[in-house]
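Please walk through this protein–DNA model with me. Keep the sequence and the 3D view open side by side.

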Number of protein chains: 2
Amino acid sequence: MNQACAHIIDDDEAIRDALQWLLKTRAVACRTWDSGEAFLEAWQPSWRGCIVLDIRMHGMSGLECFDALLARGCELPVIFITGHGDVPMAVAALKKGAFHFIEKPFTDHDLEDLVEKALALDAERQRAAANRDNIEAHLATLTQREREVMDLILEGKYNKVIADQLSISMRTVEAHRSRIFDKMAVRSAVELAQMLTVLRG
Amino acid sequence: MNQACAHIIDDDEAIRDALQWLLKTRAVACRTWDSGEAFLEAWQPSWRGCIVLDIRMHGMSGLECFDALLARGCELPVIFITGHGDVPMAVAALKKGAFHFIEKPFTDHDLEDLVEKALALDAERQRAAANRDNIEAHLATLTQREREVMDLILEGKYNKVIADQLSISMRTVEAHRSRIFDKMAVRSAVELAQMLTVLRG
DNA sequence: GTCGCCATTGTGGAATACCGCATACGTGGA
DNA sequence: TCCACGTATGCGGTATTCCACAATGGCGAC
């Protein structure tokens, strides 16, 4: 399930099948869901790809499903499909972060194009997230004390000042500093600073 | 003209007057324009505030005006106003970066609220831009050579390595380094790195 | 209990950064 | 022409970093 995959959520089986067939001919992996509830129950944060979400469904609407996903931290690009145009709805969805909002009828090409772009966006986001995860994994190996020392290093303070501030000896600060650079796989405080501003910026 | 100001662009004088009156009662400074062309000719990059832009106008349409503004680097939040709902148009405008897309009829409160939020967004952007401008102003005082040395410092290299790479002596690198810190108003390479990652991140 | 991890401190020395002062050359403007 | 500025270099001294090695006490896991 770590494969990028277009999730088609629609309560109309005929449409699910049609979309799935369309995307499969374009070599896009698909998975279909017959309701927002079903998708929400199954969804895992590690999933990649995008979501094609029908607005009007029995039970939970597409918009409700979207809201629930956002609340759970799902960042998959969402392409909304709707039968009848509604500008305020489209505006609200996009301002909340939806990827696109398209009205029926649309051409095969329209949807293929949208799905491809959504998948590309997600791939790009995943690359950025992988960077952050990697840095955070390094950070996680630091002990509490090492993190305190690191914070002070990142303020550009001398070991001497850090030692005073933490009421420990300079030697200890040096030992921490050395281990920090080692664990974070950097050679200088400058590299460390750049690494972490990527994380926070 | 450095005052935040809501620019109302509409070829219907009655609407211009109505919107202007509405916003003025809310203590929002306004300026009105009877065409996209007129606004485009007058617009200056230093202007702050937001734009309320009618879609359908004689001559240049609101969307054309928007495209032209984007091409010129205008980043003012744009609130589109349209008489007849058109989802694809709204989606396209928002994906290009428009702030909002609202259909007539709307209530006074709707527009007041949108304009206030757009102004707040612009104010926030201006704060961030002021930061960047400040840093760039410092950067601009650096000589060519100093910038080269700075780039190498930001790669975490020792003065010795920098000297080798630029085929100059370590002493000279030290001199540059000192002036760089002085001009950039920082005390350490770490601060410099953080300053510049803010600029680039 | 023993082992490993963490925080702590220490020694001593080599490498590097940081600072003020002085000098020199070329270029462009007053 | 003289002055300001950017670039480049050097000296001497102090502060700081970086490194390898060694050691102690606390704490949780096996």
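A phosphate oxygen of DNA strand D is 3.0 Å from an N or O atom in the side chain of T172(B). That is a polar contact (a pair of N or O atoms within 3.5 Å; within protein, one must be able to donate a hydrogen and the other to accept it, and residues adjacent in sequence count only if both atoms are side-chain atoms). The model is predicted: local features need pLDDT of at least 70, side-chain atom pairs count only at pLDDT 80 or more, and totals for chains, interfaces and linings use all residues. Residues are numbered from 1 along each chain as its sequence is written, chains are lettered from A and ligands numbered from 1 in the order in which they are written, and side-chain values use heavy atoms, with hydrogens and water left out.

Stay with strand D. S169(B) places a backbone N or O atom 2.8 Å from a phosphate oxygen of this strand. E174(A) has a side-chain N or O atom 3.4 Å from a base nitrogen of DNA strand D. Which elements give two or more residues to the surface near DNA strand D? They are α7 (159-166) and α8 (170-184) of chain A, together with α6 (144-153) and α8 (170-184) of chain B. Helices here are DSSP runs (H or I, at least four residues), strands likewise (E, at least two), numbered from the N terminus. The largest share, five residues, comes from α8(B).

A residue is near a strand if one of its heavy atoms lies within 4 Å of it. There are 16 residues around DNA strand D, and R177(A), T143(B), R145(B), I168(B) and S169(B) come nearest. Sugar and phosphate make up 68% of the atoms of DNA strand D that come within 4 Å of the protein. By class, this surface has four nonpolar, six polar and six charged residues. Ala, Val, Leu, Ile, Met, Phe, Trp, Tyr, Cys and Pro count as nonpolar; Asp, Glu, Lys and Arg as charged; the others, Gly among them, as polar.

Now turn to strand C. Of the 15 residues around DNA strand C, T143(A), R145(A), S169(A), T172(A) and R177(B) come nearest. Sugar and phosphate account for 71% of the strand C atoms within 4 Å of the protein. R145(A) has a polar side-chain atom 2.6 Å from a phosphate oxygen of DNA strand C. For K160(B), the distance from a polar side-chain atom to a phosphate oxygen of this strand is 3.4 Å. E174(B) addresses a base: a polar side-chain atom lies 3.2 Å from a base nitrogen of DNA strand C. α8(A) gives the most to this surface, with five residues.

Next, look away from the DNA contacts, at helix α1 (residues 13-25) of chain B. At its start, a side-chain oxygen of D12(B) reaches to within 2.9 Å of the backbone nitrogen of A14(B). The buried residues of α1(B) are R16(B), L19(B), Q20(B), L22(B) and L23(B). They fall within an arc of 160° seen down the helix axis, so they line one face. The arc is that of the directions from the axis to the C-beta atoms. The face turned away carries the exposed residues A14(B) and W21(B). Buried means under 20% relative accessible area, exposed over 50%, partly exposed in between (1.4 Å probe, protein chains only).
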